[in-house]
Amino acid sequence: MERRKFVRGAGLAGILAAGSGPAIVHAQTTIRWRLASSFSKSLDTLYGVSEVFAKHVSDMSGGKFIITTHAAGELMPAFGVLDGVSTATVEMAHTAPYYFFGKDPTYALDCAIPFGLNARQMNAWMYEGNGMKLMREFYAKVNIVNFVMGNTGAQMGGWFRKEIKSVADLKGLKFRIGGFGGKVIEKLGVVPQNLPSGEIYQALEKNTIDAAEWVGPYDDLKLGLNKVAPYYYYPGWWEGGPQLSLYVNQKSYDSLTPEYKAIVEAASTYAGTDMLAKYDYRNPAALKQLVAGGAKVQRFPKDVMEASFKAAGEVYAELNATNPAWKKIYDDYITYRRDANLWFRFTESGFDDFMQQQKL
Ligand code: CA
C-alpha cells in the first residue's frame, strides 16, 4: 500500500530514479510504423494478412505499437517495396520475394522456385533447416530483416484462352506469370509478363496478354480471371508453395525493444498461419463455384511438365555457375527438397492418394 502510493506519487522520473526504468519507459512508448504491401486491397488473403499482423501487434503491445497497412500503389508501386524498406522510406513491407528476381534470382529462394518446396516443406526448411539463417545473411546486404509471413499453398497454373495440348502451343504465348517462373517458361517459347494483381484482369481482357496465372480459385475468382479465359490449368509447377515475407528495415528493427521484436516475430507467424488456413478453407468452395460457372479445369500435358522440369534444371545450372549467393542457398534448399520428397512420398502422398480416390 505504502509502496503503491509512493510509485503513483513519484511519476515517471521517480520510477526511473528507483532503477526500474527501461521496461517501463519502453512499455509507455507509442510507436507508429507504416507497412507497404505488394498487394491490392481487394485480396483479403494476400493483403489481409498484413491487417491481421498489424492487429496482433497492436493487441499484444496494448495498443502501443501501431502499424498502418498500405495497399500496392498507395505509398509505392507493388514492386517498389524492397527498395522502400531497404532505404527506410517505410519501416515494413509484405511481399512475394520472387518479384525481385530481376535484381537477383536469390530472392526467389525466399518465396518459390519452379519445382521447389511445397508449403509444409518450405516451413520446415525455413524454421528448422537453414533457410531463415541463409536468407537473413542474404537480406543483410540490403538492410532488411525478413520474417516468414504466409504461404498460398500449391497454386493453379492459370487461365488460358486456348487449350494447351503440347509444348508447341506455348510458343509465343504472352503469359502473366509470377516472378521467377518466367525465367524458366521463357525457355519453352513463352513471353512472360510480370504484372501486379491490379493489372492482370485488364491486360487479359484487352488481349495485351494471352493467359494469366495469379494464385488459385479463391483469389482468381475475386480478380474475375474466369470471365476472360475458360481453360484453368494445373498444377502451378512454378509455385508449389510460395512463401510471402515480411520485410523490416534493419535500423528500424534494431530500434525496437526485445519485447517488440518478439511481438513482430509472433504476430507474423500467426498471420502467416492464418493466411494458409484461409486459402485451404476457401479454395475448395471457390473451385466448385468456378466449375459451376463453366471453367474447364485441365492438367498440364505431360510433355509440358517434363520440358519445364528440364528447363528449370538448365536455369539452375546456369545460376550455380554464375551466382555464388544463389548457389550457397540453393545447394542447401535442393538437398532438403530431395530428402523431403523421399519422405513425403510415403506419408503425405500415400495418404492423400488413397483419400482422393474414395467417394467421400
Ligand atoms: Ca502465381
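This tour goes through a predicted model in two stops, a calcium site and a helix residue.

**The calcium ion**

Begin by selecting the calcium ion together with Gln 155, Glu 213, Trp 214 and Glu 239, the residues that coordinate the ion at 2.2 to 3.0 Å. Gln 155 gives its OE1 atom and Trp 214 its O atom, while Glu 213 and Glu 239 are each listed twice with OE atoms. If you look at the angles among the six donor atoms, you will find that they run from 46 to 158°, and the site is irregular. Along the sequence, the donor residues follow the spacing Q-x57-E-W-x24-E. Gln 155 sits in the loop between strand 4 (144-151) and strand 5 (158-160), and Trp 214 in the loop between strand 8 (211-212) and helix 9 (217-223), so this pair ties together parts that are 59 residues apart in sequence.

Keep those two residues selected and consider their surroundings: are they buried or exposed? Gln 155 has a relative accessibility of 5%, which is under the 20% limit, and therefore counts as buried. Trp 214, at 4% relative accessibility, counts as buried under that limit too.

**Ala 286**

Next, select Ala 286, which you will find in helix 11 (residues 258-292). Ala 286 is buried, because its relative accessible area is 4%. Which residues does it touch, once neighbours within four places in sequence are left aside? Showing Pro 217, Tyr 218 and Leu 221 gives the answer, since Ala 286 is in contact with these three. Finally, add Lys 222, which is 64 residues from Ala 286 along the chain, and look at the C-alpha atoms of the two, which are separated by 9.6 Å.

Conventions
Residues numbered from 1 in each chain as written. Predicted model: local features only at pLDDT ≥ 70, side-chain atom pairs only at ≥ 80, totals over all residues. Heavy atoms only, no water. Helix = DSSP H or I, 4+ residues; strand = E, 2+ residues; numbered from the N terminus. Buried < 20%, exposed > 50% of the residue type's maximum accessible area, 1.4 Å probe, protein only. Contact = heavy atoms within 4.5 Å. Donors = N, O, S within 2.8 Å, 3.2 Å for Na, K, Ca; no water. Tetrahedral: all angles 85-135°; square planar, octahedral: opposite > 155°, others 65-115°.
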